Amino acid sequence: TSEIAIGTIFQITLPLPPVTMQPQIKNCLVIDDDKGIRMAWEIKNTQLKIEHLHIFPNLEGVIASALDLKKIEIAIVDKNISASLFSGADTVGYLKAKGISKVMMASGENTDELKQDPTFFQVDGFLQNKIPRTLDELVG
């Protein structure tokens with residue numbers, strides 16, 4: 001608008017920048033007997049934007065810790081856990097029974113073959129790499 005002796009007022013409307021929602025995980029459980037893998041998860045944790053990362057070498061450690069499994073959003077379980085009374089499939093079954101809705105299997109093996117194995121019918125997905133490169137790879 002414009003008025004004599006007062007001046008001109010311009011109103012400019014600029015578009016807002018697009019908002020991208022970054023996926024985030026509040027509580028993640030990792031069970032892997034390999035100390036190097038556990039250390040790598042600790043290092044990768046910041047990049048993956050996981051608020052609380054709980055890492056254990058086996059299911060016995062999880063049970064002994066009295067961790068509230070109902071708060072866990074996603075669990076990643078190593079397929080071959082050597083120092084445990086529970087197999088990878090047993091561990092997945094236990095976690096599902098305790099209310100964890102998404103349990104992924106990390107194996108480094110051919111995922112096509114694992115998907116066909118009835119032993120792992122409760123697994124929600126398989127990670128090709130033991131440590132995901134991005135959060136999308138983890139939650140995807």
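How many bridges join strand β3 to β5, and do the two run parallel or antiparallel? Four bridges join β3 (residues 25–31) to β5, and the two strands run parallel. The legends below describe a predicted model.

**View 1. Overall layout of the predicted model.** The protein has 140 residues, and 38% of them count as buried. Its secondary structure consists of five helices and seven strands. Read from the N terminus, the order of the elements is β-β-β-α-β-α-β-α-β-α-β-α. Among contacts with a separation of 6 or more, 67% are between residues 24 or more positions apart. The accessible surface comes to about 8,900 Å², and carbon and sulfur atoms account for 55% of this surface.

**View 2. The open sheet and helix α1.** Five strands, in the order β4-β3-β5-β6-β7, form an open sheet with parallel pairing. At the edges are β4 (50–56) and β7 (125–127), each of which pairs on one side only. From one strand to the next, the twist averages 25°. Helix α1 (residues 35–48) packs on this sheet and touches β3, β4 and β5. The direction of α1 makes about 170° with that of β4.

**View 3. Strand β5 and its side chains.** Strand β5 covers residues 74–78, and five of its five residues are buried. I74, I76 and D78 point one way from the strand, while A75 and V77 point the other way. Buried residues are thus found on both of these sides, and D78 is one of them.

**View 4. Pairing of β5 with β3 and β6.** V77 of β5 is the bridge partner of I31. V77 also stands opposite M105 in β6. Strand β6 (residues 102–106) pairs with β5 in the parallel sense, over five bridges. Between β5 and β6 the chain passes through helix α3 (residues 88–97), and this β-α-β crossover is right-handed.

**View 5. Helix α3 against its surroundings.** The buried residues of α3 are G88, A89, T91, V92, G93 and L95. These buried residues pack against β3, α2, β5 and β6. Just after the helix, G99 takes a positive phi of about 105°.

**View 6. The largest nonpolar core.** This core has 20 residues, and L29, L95 and I100 have the most contacts inside it. At least two residues each are supplied by β3, α2 (59–65), β5, α3 and β6. The largest share, three residues, comes from α3. Which residues does I100 contact, leaving aside neighbours within four places in sequence? I100 is in contact with L29, L69, I72, A75 and L95. L29 and L95 thus appear twice in this view: they are contacts of I100, and they are named with I100 among the residues with the most contacts inside the core.

**View 7. A separate core.** Apart from the largest nonpolar core lies another, of 16 residues. Its members include L48, I76, M104 and L138. I76 belongs to the set of β5 residues that point one way together with I74 and D78. A75, a contact of I100, points the other way from β5, as does V77.

How values were computed
Residues are numbered from 1 along each chain as its sequence is written. This is a predicted model: local features need pLDDT of at least 70, side-chain atom pairs count only at pLDDT 80 or more; totals for chains, interfaces and linings use all residues. Side-chain values use heavy atoms; hydrogens and water are left out. Buried means under 20% relative accessible area, exposed over 50%, partly exposed in between (1.4 Å probe, protein chains only). Two strands pair if DSSP finds at least two bridges between them. A crossover is right-handed if, with the strands pointing away from the viewer, the path from the first strand over the helix to the second runs clockwise. Axes are lines fitted to C-alpha atoms, for helices over the stretch in contact, and angles run from 0 to 180 degrees between N-to-C directions. Contact means heavy atoms within 4.5 Å. A nonpolar core is a set of buried Ala, Val, Leu, Ile, Met, Phe, Trp, Tyr and Cys residues joined through side-chain atoms within 4.5 Å. Accessible areas come from the Shrake-Rupley method with a 1.4 Å probe; for residues, only the protein chains shown count as cover.
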